[in-house]
Amino acid sequence: MTAIVPAADPHTGSRSGNRLPRVFLLGRPGHTGRMPLLDDSLGLAAQGYSWFPGRWRRAANPDILHTRLMGKRAVGLRGPGAVRFFYDEANVRRHGAIPEPVRGTLFGHGAVHTLDGIDHRNRKLMFLSVLKDPRQVGRLAERAGRAWDDAVPGWAARPEVVLFDETAQVITRAVCDWSGVPLAEADVPRTAADLTSLVDGFATAGPRHWRARRARGRLERWLTGLIEQARLDGDDSVLDQVARHTGTDGRLLPPRRAAVELLNIIRPTVAVSWFVTFAGHALHRWPWLRERLGGGDLEYAVAFAHELRRFYPFAPFVGGVAVRETTFGGERVPKGAMVLLDIYGQNHDERLWPDPYRFDPDRFLGAGPGRDELIPQGGGDPRTGHRCPGEDVTLTLLATLAIRLARLDYAVPEQDLSISLRRIPAQPRSRMLLRVSGSATAQPARVAEHAAPYR
Ligand code: HEM
């Protein structure tokens, strides 16, 4: 069995990451997949990203484990073989798999994430045609680079700025302009806050969750109006492409559904701010990386972006429902069981990543990662399964902005930079305060051709 829990919290250096409260001791399920006795939902809620590692330590099989969550039988999976199993629609479906609190905040009701079969392929094509077009990706990155450069003098004029908040505003400006969504400058801060709250509030039952629901309502109403308008006088913008998309029945999507999907382009693009903030954390913790990154070598910048996506905790796992009675790794997967692919666990599995808790962008120089090895945004083929269509955008934006961050003249004031693995989504507690003193030199944004998500 492979233990992947580090001796100390890898992100903070504190040892708290190793003190996992074993809320329920389930005993070891045998190879028969015997029904575990107790529900582990509280364990998951309390331990966040540390829950799976604790379970793997006690599992008989390194790639599949058995538990119960929300009263349902569940299996956890990891490893490239598990990725292939998980993304085979003959094994796992999505319909009915995503809990309402996640649909009501993060994805939206009726979103592509919840579809299967031909309906999924049809809807997915709309995302892929925009997001896998290198010219579109390049245009978005150029706008983000420019928005960053324009913002820097303002940062230098203030005593301190929060990197997370400022990056979210930079990307909000860029993605709205790029997608043809009009946004007045005065509305940027509130819109950026609403967009990030959708991500911040999906995995909690507290006030963050209710803020996310209210933000979704506001954003969907706003974008529904724009979809309706685009159907009357659209141009060739991304907004227009979403507005004119037709389903398998040949009809336009209901306006609110189209707004949900437009938001599924805008919202995750702004979520790249989480990784830019992690970039700030990494450059502070391993300052010698800064010179190389700031040198503008695009291949290195993409390797750095890959390592950020591998090392730091963001999406914890993805889930579906077993379509039929089957087996994986010699163990039973019962029909109707919840199936969870452990993203964070696979990205720290020492069988795939030697010394997995060492931050080392060099591991991605030369050959990029294998398709089903690095899975921060899901695995498999994005055209046939649910793998994220936004990896090129993520890598390109991240490389573009990380180079600029490395070139920025700033100091890091005293603050709490610890990252709790119990909070989903994770973030440095202070969200990265910077004291900016100078402006960055403008960088080329032509990263797109280097930014392949896998080889
Ligand atoms: C911030 C970085 C991002 C992370 C960590 C991330 C992560 C993920 C994950 C884990 C999935 C689910 C995969 C699955 O269900 O198997 C997903 C799906 C998706 N992502 Fe991303 N993503 C990111 C950025 C983006 C961007 C930039 C876009 C669009 C511009 C995007 C659009 C989508 C869409 C539309 C889906 C649904 C795909 C489907 O169900 O077929 N994501 N993403």
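Two residues are taken to be in contact if their C-beta atoms, placed from the backbone, lie within 7 Å. With that in hand, a tour of this predicted model can begin.

The protein has 455 residues, and buried residues make up 50% of them. Its secondary structure comes to 16 helices and 10 strands. Among contacts with a separation of 6 or more, 72% join residues that are 24 or more positions apart.

A good place to start is helix H9, which runs over residues 207-233. This helix has 27 residues and reaches 39 Å from its first C-alpha to its last, close to the 39 Å expected at 1.5 Å a residue. Its buried residues are Ala-212, Ala-215, Arg-216, Leu-219, Glu-220, Leu-223, Leu-226, Ile-227 and Ala-230. An α-helix has 3.6 residues a turn, so residues three or four places apart point the same way. The cover over the buried residues of H9 includes helix H4 (100-107), helix H8 (188-200), helix H10 (238-243) and helix H11.

Helix H11 (255-270) appears again around the ligand, where H11, helix H5 (117-131) and helix H16 each supply at least two residues of the shell. H11 gives the most to this shell, with 4 residues. By class, the shell has 14 nonpolar, 8 polar and 2 charged residues. Of the 24 residues around the ligand, those that come nearest are Pro-268, Gly-378, His-386, Cys-388 and Gly-390.

Cys-388 deserves a closer look. According to the unreviewed UniProt entry, the annotation "binding site" covers this residue. Cys-388 sits in the loop between helix H15 (343-346) and helix H16 (391-407). Although it lies in a loop, Cys-388 counts as buried because it has 21 C-beta neighbours inside 10 Å, and the cut-off for a buried residue is 20 or more. Leaving aside neighbours within four places in sequence, Cys-388 is in contact with Gln-377, Gly-378 and Pro-382. One of these partners, Gly-378, is also listed with Cys-388 among the residues that come nearest to the ligand.

Another loop residue gives a contrast. Gly-71 lies in the loop between strand E1 (64-69) and strand E2 (72-77). Gly-71 counts as exposed because it has 7 C-beta neighbours inside 10 Å, and a residue is exposed if the number is 12 or fewer. The C-alpha atoms of Gly-71 and Leu-38 are separated by 8.9 Å, with the two residues 33 apart along the chain.

Definitions and conventions. Residues are numbered from 1 along each chain as its sequence is written. This is a predicted model: local features need pLDDT of at least 70, side-chain atom pairs count only at pLDDT 80 or more; totals for chains, interfaces and linings use all residues. UniProt positions are given in the numbering used here, feature names are shortened, and annotations may be inferred rather than shown by experiment. A residue is near a molecule or strand if its C-beta atom, placed from the backbone, lies within 6 Å of it. Ala, Val, Leu, Ile, Met, Phe, Trp, Tyr, Cys and Pro count as nonpolar, Asp, Glu, Lys and Arg as charged, and the others, Gly among them, as polar. The expected span of a helix is 1.5 Å times one less than its number of residues.
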